[in-house]
Amino acid sequence: PANKKLLVLPGDGIGPEVMREVRRVVDWMDRRRHVSFSIEEGLVGGAAIDAEGHPCPDSTVEKALRADAVLFGSVGGPKWDSLPFENRPELGILRLRKDLGLFANLRPAIVWAPLAQASSLKADLVSGLDLMIVRESTGGIYFGEPRGIETLPNGMRRGYDTESYTEEEIARVARIAFELARKRQNKLTSVEKANVMQSGRFWREVVTSVGRSEFPEVELSHMYADNCAMQLASRPKQFDVILASNLFGDLLSDLAAAVTGSLGMLPSATLGAPDSSGRRHALYEPIHGSAPDIAGRGIANPCAQILSFAMLLRWSFGMEEDARLIENAVEKVLAGGLRTADIMVPGAARVGTSVMGEAVVRELDKIAA
Ligand code: NAD
Ligand code: IPM
Ligand code: MN
């Protein structure tokens with residue numbers, strides 16, 4: 001069916017560079033699979049600050065609410081780093097997550113066979129790794145009140161944030177993680193610091209209770225977040241689904257990226273709750289940022305953005321077969337030896353963003369032929 005409404009938000013830095021490659025894949029879908037999207041573009045992050053004075057203009061939120069799915073690039077950069085907190089580019093993604101109710105950020109970390117050598121770990125520790133981090137994404141210390149920087153009566157200054165989770169906030173993201181676990185290995189590891197944080201203790205209590213009453217068949221275990229980081233960096237294959245708060249999930253997913261070979265490879269899906277007709281808001285974003293250190297040089301890896309589009313097809317439109325086609329094409333390109341500079345394989349030939357994007361489309365042509 002035609003007329004799937006996509007909102008594309010390229011953002012800053014390498015965002016527009018990698019988004020250009022996704023457009024090739026979208027065009028290919030139209031040409032070869034007769035799947036057409038009606039695409040709207042919008043402003044977010046530093047680009048929106050420059051054009052409209054705000055990192056997430058109302059017009060962008062309205063477009064996002066109207067779209068069937070949002071494809072998000074990345075925001076931020078040194079140009080805007082000295083702006084006051086309420087006006088930083090990063091607020092662009094935070095407001096979108098919040099205003100669209102996107103509380104569950106799914107971050108798969110998969111070791112693609114051709115990249116096992118590119119991991120920060122020995123290949124045998126990671127080959128075949130396929131784990132899913134479910135990161136809470138509209139609560140916790142990212143949004144908790146009070147927060148601020150202030151001067152105390154004694155003249156000392158302090159900066160503070162608040163980690164806070166309601167029972168419902170924990171339970172709804174836990175359900176997403178349990179449901180995923182049920183479709184995978186039936187194994188869920190919930191991560192917090194129940195040993196030092198009240199909110200962590202409460203997190204453990206709520207997850208345990210959701211598990212007991214709704215998902216008794218899923219094997220639930222709990223792990224302190226610091227230990228989880230250590231375990232991820234040494235024996236990652238013990239995990240299947242990891243559930244974590246906003247902040248811990250952010251940290252653990254970048255760590256998982258290094259273990260899978262490169263931050264430039266990892267996509268994510270940020271989902272809201274389905275309404276009564278089954279429709280849900282959803283935004284798809286690579287887990288990497290705007291990479292100011294390499295922006296403008298045409299060397300960014302477009303795979304995370306392309307794979308985010310594959311997740312979009314799967315999660316927003318149920319197009320499993322098309323999602324797989326794209327994932328297979330990416331894997332074939334890697335198997336053929338092409339590497340962008342972020343993928344650490346000694347001696348590999350380096351190609352730029354558009355060579356990588358073109359190669360994915362060429363593989364799609366071959367697979368679909
Ligand atoms: P980053 O993810 O942008 O970059 C970290 C490192 O990974 C850099 O060396 C970068 O060159 C490399 N890298 C990242 N993506 C790559 C790709 N696709 N191909 C090749 N190399 C890649 O994180 P950072 O440097 O800490 O942050 C830079 C800016 O991005 C900051 O303003 C930050 O707030 C923002 N940020 C935005 C998002 C987002 O929009 N979702 C996510 C993370 C960081
Ligand atoms: C991410 C990023 C964002 C986050 C920033 C840019 C707000 O690091 O998507 O992982 O911390 O959620
Ligand atoms: Mn992050």
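A residue is buried if 20 or more other C-beta atoms lie within 10 Å of its own, exposed if 12 or fewer, and partly exposed in between, with C-beta atoms placed from the backbone. This is a predicted model, in which local features need pLDDT of at least 70 and side-chain atom pairs count only at pLDDT 80 or more, whereas totals for chains, interfaces and linings use all residues. Residues are numbered from 1 along each chain as its sequence is written, and chains are lettered from A and ligands numbered from 1 in the order in which they are written.

**Exercise 1.** Determine the exposure class of Asp99.

*Solution.* Asp99 has 17 C-beta neighbours inside 10 Å, and therefore counts as partly exposed.

**Exercise 2.** Classify the angle between helix 1 and helix 10, and describe their contact.

*Solution.* Step 1: the axes (lines fitted to C-alpha atoms over the stretch in contact, with angles from 0 to 180 degrees between N-to-C directions) of helix 1 (residues 15-33) and helix 10 (residues 303-317) come within 8 Å and cross at roughly 45°. Step 2: helix 1 is therefore oblique to helix 10, since angles under 35 degrees count as roughly parallel, over 145 as roughly antiparallel, 65 to 115 as roughly perpendicular and the rest as oblique. Step 3: Val18, Met19, Glu21, Val22 and Val25 of helix 1 meet Gln305, Ile306 and Phe309 of helix 10, where contact requires C-beta atoms within 7 Å.

**Exercise 3.** Identify the contacts of Val70 beyond its neighbours within four places in sequence.

*Solution.* With those neighbours left aside, Val70 is in contact with Leu7, Leu9, Ala64, Leu283 and Tyr284.

Notes:
Helices (H or I, at least four residues) and strands (E, at least two) are DSSP runs, numbered from the N terminus. Two residues are in contact if their C-beta atoms, placed from the backbone, lie within 7 Å.
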